[in-house]
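Student: I would like to go through this model term by term. Let us set each value against its cut-off.

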Amino acid sequence: MARVIVHATVTVDGFIADADGGVDWMFGRPSAPEDDAVVEKVIDRIGAVVGGANKAQTVEDGEIPYGGMLKVPVYLMTHSAHEPIERDGVTYTFVVDDVAQAVEAAKQAAGDEWVNLLGGSISRQCLLLGLVDELHLDVA
């Protein structure tokens, strides 16, 4: 059965994003080979993703989970219905307002792999609903 995880890289003072909501600080910085091995291990175990979306704009703007390294089903929470989008071998399914439904669909799609929650709001909602099995925090 799928495990629901929150995998995030955080700063030593506990932030995921900068003041403007960006995460560019994570890229282009030096990393040790063992750090890359941790990321590879996590990516290899993820079977589906649940995240937030600003309608289809998230996908259209290229906000692709893990920079496109994952080729797994993605379930995006939104407040208005939208048909699924297929892009680069990934299906983005939009789920209106019911994060528990999105997690359940992702668990079915993931099989024995992990369902990764992306975004602070989605993670917080799932924690409050008791849907999270594990927290994976990489401190940078």
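Tutor: Start with exposure. Buried means under 20% relative accessible area, exposed means over 50%, and partly exposed lies in between (1.4 Å probe, protein chains only). This is a predicted model: local features need pLDDT of at least 70, side-chain atom pairs count only at pLDDT 80 or more, and totals for chains, interfaces and linings use all residues. Residues are numbered from 1 along each chain as its sequence is written, and side-chain values use heavy atoms, with hydrogens and water left out.

Student: Why does aspartate 88 count as exposed?

Tutor: Its relative accessibility is 62%. Exposed means over 50%. Therefore aspartate 88 counts as exposed.

Student: What is unusual to check in the backbone of aspartate 88, and where is the residue found?

Tutor: Aspartate 88 has a positive phi of about 50°, although it is not a glycine. It is found in the loop between strand 4 (85–87) and strand 5 (90–96). Aspartate 97 also is not a glycine, and its phi is positive at about 60°. That residue lies in the loop between strand 5 and helix 3. Helices (H or I, at least four residues) and strands (E, at least two) are DSSP runs, numbered from the N terminus.

Student: How many helices and strands does the protein have?

Tutor: Four helices and seven strands. Along the sequence they follow β-α-β-α-β-β-β-α-β-α-β.

Student: Why is the protein called as compact as a globular protein of that length?

Tutor: The radius of gyration, taken over C-alpha atoms, is set against the globule rule: 2.2 Å times the number of residues to the power 0.38. The protein has 15 Å, and the rule gives 14 Å for 140 residues. The two are close, so the protein is as compact as a globular protein of that length. Its C-alpha atoms fill a box of roughly 40 × 35 × 30 Å along the principal axes. Buried residues make up 34% of the 140.

Student: What makes arginine 3 and glutamate 134 a salt bridge?

Tutor: The definition asks for a side-chain nitrogen of Lys or Arg within 4 Å of a carboxyl oxygen of Asp or Glu. Here the closest N and O atoms are 2.7 Å apart. The pair therefore meets the definition. It links distant parts of the chain: arginine 3 is in strand 1, glutamate 134 is in strand 7 (residues 134–139), and they are 131 residues apart.

Student: How many salt bridges does the structure hold?

Tutor: Two. Arginine 45 and glutamate 113 also meet in one, at 3.9 Å from N to O. This pair joins helix 1 to the loop between helix 3 (99–110) and strand 6 (114–117), 68 residues apart.

Student: Why are arginine 45 and glutamate 113 called partly exposed?

Tutor: Arginine 45 has a relative accessible area of 32%, and glutamate 113 has 29%. Both values lie between 20% and 50%, so both residues are partly exposed.

Student: Which residues form the nonpolar patch on the surface?

Tutor: Ile16, Val23 and Phe27, with about 270 Å² of accessible area together. Patches take residues with over 30% relative accessible area and no salt bridge; like charges are joined within 9 Å, nonpolar side chains (Val, Leu, Ile, Met, Phe, Trp, Tyr) within 5 Å. Areas come from the Shrake-Rupley method with a 1.4 Å probe; for residues, only the protein chains shown count as cover.

Student: How do you know that isoleucine 16 is partly exposed?

Tutor: Its relative accessibility is 38%, so isoleucine 16 counts as partly exposed.
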